[in-house]
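Subject: Structure handover

Hello,

I am passing on a structure that you have not worked with before. The notes below it go through what was found.

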Amino acid sequence: MRKMLALSLAAIIMAGCGSKKEKDSYVISGDIQGIPDSTMVELYPMSHSKSDPIAEAMVIGGKFEFSGKAEEPILVMLKVKDNYGSTRFMLENADIQIKGNASAEDVADGKKDYDFKDITVQGSPLTDKYNELMSGRNELDRQFLAMRESYSDIMEITTGSDKGKSDSVRATERFKAMLAEEGRLFAAFDSVFNAVVRENKDSFWGPLMMMAQVTYLSPANRELYEVLSDSAKNSHYGQMVYKELYPLGRPGDKVPDFTATDIKGGKISLSEIAKANKYVLVDFWASWCRPCRAEIPNVKAIYDKHHADGFEIVSVSIDEEENPWIKAVEKEGLVWPNARDTDKSIAGKYNVTAVPTMVVIDSEGKLVAENLRGEELAAKIDELMSK
C-alpha cells in the first residue's frame with residue numbers, strides 16, 4: 001500500500017511538472033543604484049534607426065518595474081530618459097531581475113552620459129545566450145579601447161591641426177605599429193562577426209547578431225545575409241536586416257514613384273521622366289554635404305556623355321533651407337530636374353539614411369543599381385547605355 005501511495009504521489013508530482021505552462025507575460029524588476037529618484041527609465045528596441053520607447057517606469061530608491069507581454073523575444077536597451085548611455089538585455093516572457101550600479105557624467109548639451117556598471121540580469125535564459133554570443137565581440141572592443149589608450153599621445157598629434165608634427169609622427173615606427181595593431185583588430189572583428197552569424201544562420205540569432213555587433217550594415221554584408229536560412233530571414237531581425245541591406249529591394253523591383261515641385265516651381269513625376277528615357281539616376285544630396293558636392297563633376301560628365309541618348313538625372317535635395325539649395329544648384333550648374341524634399345517624405349520612401357545616395361532605374365521604374373559613385377557609377381552607366 002505504501003509503495004502504491006508513493007507511486008501515486010510521484011505520478012501526481014510528475015503530472016504537475018509536465019503541465020506547467022510557460023509564462024505569457026513578463027515582469028522586469030530593476031534595482032540600479034545611482035539613478036536619481038523620480039527619474040524615468042525607458043526600454044527601447046535595439047535598432048540601427050531611430051525608434052520609440054516601448055515602455056517606461058519611474059525610479060524610486062533605485063528600484064523600478066516594467067510589465068507586459070512580449071509577442072516574441074527582442075533585444076532591448078534600458079536607458080535613462082532624455083540622457084545617454086544604455087545597457088542591453090533580451091526581453092522575453094519571464095520574471096527578470098536587473099541589478100547593478102550606474103554613474104553619470106555631464107555632457108555638453110546639459111544631458112548626462114550614464115555608465116551602467118556591474119549590471120546582472122537574472123531569470124532571462126535568452127540574455128545569457130545573447131551575452132555568450134557577444135562575448136567575442138565584447139573582448140575585441142575591450143582590446144581596441146586599450147590599444148587606443150596606449151597610443152593616445154600619437155593619436156592626439158595625428159588628429160591635430162599641426163601638419164608638421166602629424167607628418168613627423170606618421171613616419172615613426174610606433175605609428176606603424178599602431179596601424180598594424182589596428183589592422184589586426186579590424187580583421188579579428190570581421191572574423192568574429194562572420195563566424196557567429198554563420199554558426200547561428202538557422203535561427204533569429206543569426207540576423208540578430210548582424211544587427212547587434214555593428215551600428216550599420218553595408219552592401220558588403222549582403223553575401224552573409226544570403227547564407228541565412230529561410231526561417232532566419234523571415235524572423236523579426238531577418239526582416240530588419242533585409243530592409244537595411246536592400247532598402248529598395250533587389251534589382252528588378254519597382255522603386256517608389258513620387259511627384260515633387262522642381263526648382264522652377266513646376267511639377268515633376270519620376271515615373272513620367274523614366275518613361276521618356278532609358279535610364280534615370282535619382283541622386284539624393286544636400287548643399288552642405290561635401291561628398292555630394294565632390295561627386296557632382298563625375299555626375300555632370302556622365303550626364304554630358306549620355307543625356308542625348310536617353311539618360312536623365314533627377315536630383316532630390318534634403319536641404320531644410322531653400323536659399324542654400326538654390327545657390328548650390330546654380331553654382332554647380334545642375335541643368336537636370338531638381339527638387340527639394342522638405343519633409344523628407346521622398347527620402348523616407350527610399351529609406352535614405354545618408355547622402356549622397358544614388359539609385360539607377362530603368363524606363364519602367366525598376367531598380368537597376370544603387371550605392372554606386374565615382375568610376376563605378378560611370379562604368380555602370382556606360383555599360384547600360386551601350387546595350
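How many bridges join strand β2 to strand β5, and do the two strands run parallel or antiparallel? The model is a predicted one, and in it five bridges join β2 (residues 40-45) to β5 (residues 74-80), with the strands running antiparallel. To find the pairing by eye, start from Val41, whose bridge partner in β5 is Val80.

**The four-stranded sheet**

β2 and β5 belong to an open sheet of four strands, in the order β3-β2-β5-β6, with antiparallel pairing. Strands β3 (55-58) and β6 (86-91) each have a single partner strand and stand at the edges, so one side of each has no neighbour in the sheet. From one strand to the next, the twist averages 25°. Helix α2 packs on this sheet and touches β5 and β6. The direction of α2 makes about 125° with that of β6.

**The five-stranded sheet**

There is also an open sheet of five strands. Its order is β13-β12-β11-β14-β15, and the pairing is mixed. At the edges stand β13 (338-340) and β15; each has a single partner strand, so one side of each is left without a neighbour in the sheet. Neighbouring strands here are turned against each other by 20° on average, direction ignored. Helix α14 (residues 374-385) packs on the sheet, where it touches β11, β12, β14 and β15. The direction of α14 makes about 5° with that of β14. Helix α11 lies across β11 (279-285), β12 (311-317) and β14, and runs at about 155° to β12.

Strand β14 (residues 357-362) is joined to β15 (residues 367-370) by three bridges, and the two run antiparallel. Val360 stands opposite Ala369 in β15, and Ile361 stands opposite Leu367. The two strands form a hairpin with four residues between them. Gly365, in the turn, has a positive phi of about 80°.

**Helix pairs**

Two helix contacts are worth a look.

- α11 with α12: the axes of α11 (residues 290-306) and α12 (residues 322-332) come within 11 Å and cross at roughly 40°. That angle makes α11 oblique to α12. The crossing of α11 past α12 is right-handed. Arg293, Ile296 and Lys300 of α11 meet Ala328, Lys331 and Glu332 of α12. The residues of this contact divide into two nonpolar, no polar and four charged.
- α6 with α9: helix α6 (residues 205-212) packs against helix α9 (residues 236-245) at an angle of about 50°, with the axes 8 Å apart. Here too the angle makes the pair oblique, α6 to α9. The crossing of α6 and α9 is left-handed. On the α6 side the contact is made by Pro207, Leu208, Met210 and Met211; on the α9 side, by Tyr237, Gly238, Met240, Val241, Glu244 and Leu245. The residues of this contact divide into eight nonpolar, one polar and one charged.

**Aromatic pairs**

The count of aromatic pairs comes to 12. One of them is formed by Phe144 and Phe186, whose ring centres are 5.8 Å apart and whose planes lie at 35°, so the pair is tilted. This pair links distant parts of the chain, with Phe144 in helix α2 (residues 125-150) and Phe186 in helix α5 (residues 173-199), 42 residues apart. The α2 named here is the helix that packs on the four-stranded sheet.

**Backbone details**

Most residues other than glycine have a negative phi, and most peptide bonds are trans. Two places in the loops can be read against that background.

- Lys344 is not a glycine, yet it has a positive phi of about 60°. This residue is found in the loop between β13 and α13.
- The peptide bond from Val355 to Pro356 is cis, with omega near 0°. Pro356 lies in the loop between α13 (345-349) and β14.

Regards

How values were computed:
Residues are numbered from 1 along each chain as its sequence is written. This is a predicted model: local features need pLDDT of at least 70, side-chain atom pairs count only at pLDDT 80 or more; totals for chains, interfaces and linings use all residues. Side-chain values use heavy atoms; hydrogens and water are left out. Axes are lines fitted to C-alpha atoms, for helices over the stretch in contact, and angles run from 0 to 180 degrees between N-to-C directions. Angles under 35 degrees count as roughly parallel, over 145 as roughly antiparallel, 65 to 115 as roughly perpendicular and the rest as oblique. A crossing is left-handed if the near helix is turned anticlockwise from the far one by less than a right angle, and right-handed if clockwise. Contact means heavy atoms within 4.5 Å. Ala, Val, Leu, Ile, Met, Phe, Trp, Tyr, Cys and Pro count as nonpolar, Asp, Glu, Lys and Arg as charged, and the others, Gly among them, as polar. Two strands pair if DSSP finds at least two bridges between them. Rings of Phe, Tyr and Trp (its six-membered ring) pair if their centres lie within 6.5 Å; planes under 30 degrees apart count as stacked, over 60 as edge-to-face and the rest as tilted.
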